[in-house]
Amino acid sequence: MNLEEYKGVYVFAQQVDNCVNNIAFELIGKGKDLAEALGTEVTAVLVGSNVRDLADQLAEYGADKVIVVDDPELKEYRTEPYAHALASVIRKYKPEIFLVGATAIGRDLGPRVSARIHTGLTADCTQLEIGDFPLAPVPGKEQKHNQLLMTRPAFGGNTIATIACPDFRPQMATVRPGVMQKRERKPGVKANVEEFNPGFTPDHKYVEIMDVVKAVTNTVDIMDAKILVSGGRGMGGPENFKMLEDLAEVLGGQVSCSRAVVDAGWKPKDLQVGQTGKTVRPNVYFAIGISGAIQHLAGMEESDIIVAINKDETAPIFDVADYGVVGDLNKIVPALTEKLRAELAKKD
Amino acid sequence: MKVVVCIKQVPDTKGGVKFNPDGTLDRAAMMTIMNPDDKAGLEAALRLKDQYGAEVTVLTMGLPKAEDVLREAMAMGADKGVLVTDRVLGGADTWATSQTLAGALRNMEYDLIITGRQAIDGDTAQVGPQISEHLDIPVISYAQNLKIEGDSVIVERQFDDRYHVLKAKMPCLITALAELNEPRYMTPGGIFDACKAEITVWGRADLKDVEDSNLGLKGSPTQIAKASDKVRKGAGEKVNLDPAESVDYIVGKLKEKHVI
């Protein structure tokens, strides 16, 4: 493999139902930082059926170029045709970096593509930068410059590791949603589009989609919420979430929860914050009756302000809380809601 | 029908994490458990055994002591255990691990391969899909339900706001979520039998169609630049007041920070 042939930062622009996911814009934003450090450009790879019209959105958020792979076989996400699309793009265009969102789709697609291409893939990255590998010179070992250094939590959030992929290209990473910043949108920018279709012939690896069942939910994605009121096992039961909903409503926020709550069947999975749920960084995160397992902390500790209410004063949630209140949530939360309601009424 | 379940002995992250000087995990120094997602995969396989009489083989790669996790699986009801262990396989990333397991699987019979979605030590969720790529078979990851229909599997595959009902022809690979089921306990008779059971132990020479250049630390495209304990942001204030004072305290802070 001649590493010098590989140029440019590419990102997978995930869309579902012909709607571009936020992660695509976040990857373009981070990709721009990396591309500037390398003196190169960011190319978004848009895969789907009748998706050409979405390309301009990617340009508005900073994509220098958009490769569109458009084919009826790509209408709903399936591993094989999507893997074929990305692997074909990589073989043809030879990017030096290829970023994919660590979404349910990206974490399925990334490993299949990296295995087909024979390159490394670093999962669930929370930080990406350009630097040297090894970080400091080591006698007898070549120090390579302009490498992608990929940082990720591991071992349940107990540690962080920085990974490089010095001898293979592209350097591939899946990137945790909600962590990278998108650039400011520039309305009206038109995409520089290149269409590419490697041909899609169904084979034994194509699975058949028998049904698509969408969860019926009216709630806003918790990743977009400015204020989250999050409940844990300490809530005692699903009926007690009403008081969290009341508090959230007064503050214009959303309710979320810990894994224990999902496992107990009290709340659906899409409200779960943490390592196996969603990463959130709202302005204010209320952790109510949440002990703060390390896997939970990994999903919320970047919140601007963390308020914790828990009766156990040794709960690890207090180690990350800006404002910790030891006490009975059943007494505090309803009173807090009423007080806030009164305060906000005064302001109006 | 033959089912192979790939399982991993993982450090119990509750007990803390220890490293070798080179930044790789010091697995020998830590308490271990069967990875939870893998255990759900094993349970799914054992249900196929109960229902269709499937033969269930558990496969793992690791240090010789990983034999323990195979015996645990056999005490739950797995029929056979295969341990792949060899010094040259150490330090593998997901590429080299999936190459190793694919090399072992080429020497085994299977209609269905089940892996856990991800291990709690690495959290990558990569090895399952990568094995399927090396074996050129379909993959369905994140399975939350599973049934057999003729020569196909039908799986509910979870996404964020939806699930797909997918049908794949066997042989295929699925990755299981811990939410898939509630794993059974070992039985006393099962434990007794599992202690005496023969475990097949394979080394490098038993892997089929795998180049040396794809194995172990040397065959791993990704390399660790550094690893360290996570530095958490420090604790803020903690108060222990009566409920009314607690409310005033929180409201005061929200005002101070201009949230309200």
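In this predicted model, 75 residues of chain A are in contact with 66 residues of chain B. The largest contribution to the side of chain A that touches chain B comes from helix α8 (residues 329–347) of chain A, which gives 8 residues. By character, the residues on that side of chain A divide into 40 nonpolar, 15 polar and 20 charged.

The two chains are also joined through their strands, for strand β18 (residues 323–326) of chain A runs parallel to strand β13 (residues 237–240) of chain B, with 4 bridges between them. Within this pairing, A:V326 has B:N240 of β13(B) as its bridge partner.

Chain B also has a part in covering helix α3 of chain A: the cover over the buried residues of α3(A) includes β7 (139–149) of chain B, together with β1 (9–13), β4 (42–48), β5 (65–70), β6 (97–101) and α4 (106–117) of chain A. Helix α3 itself (residues 79–93) has 15 residues and reaches 21 Å from its first C-alpha to its last, close to the 21 Å expected at 1.5 Å a residue. Among its buried residues are A:Y82, A:L86, A:V89 and A:I90. Just after the helix, A:K94 takes a positive phi of about 50°.

Elsewhere in chain A, A:A260 is found in helix α6 (residues 259–263). Is A:A260 buried or exposed? A:A260 has 20 other C-beta atoms within 10 Å and is therefore buried. Leaving aside residues up to four places away in sequence, A:A260 touches A:G232 and A:R233, whereas A:G120, 140 residues apart from A:A260 in sequence, lies 34 Å apart from A:A260 in space, C-alpha to C-alpha.

Conventions. Residues numbered from 1 in each chain as written. Chains lettered and ligands numbered in written order. Predicted model: local features only at pLDDT ≥ 70, side-chain atom pairs only at ≥ 80, totals over all residues. Buried ≥ 20, exposed ≤ 12 C-beta atoms within 10 Å, placed from the backbone. Contact = placed C-beta atoms within 7 Å. Expected span 1.5 Å × (residues − 1). Nonpolar A, V, L, I, M, F, W, Y, C, P; charged D, E, K, R; others polar. Pairing = 2+ DSSP bridges.
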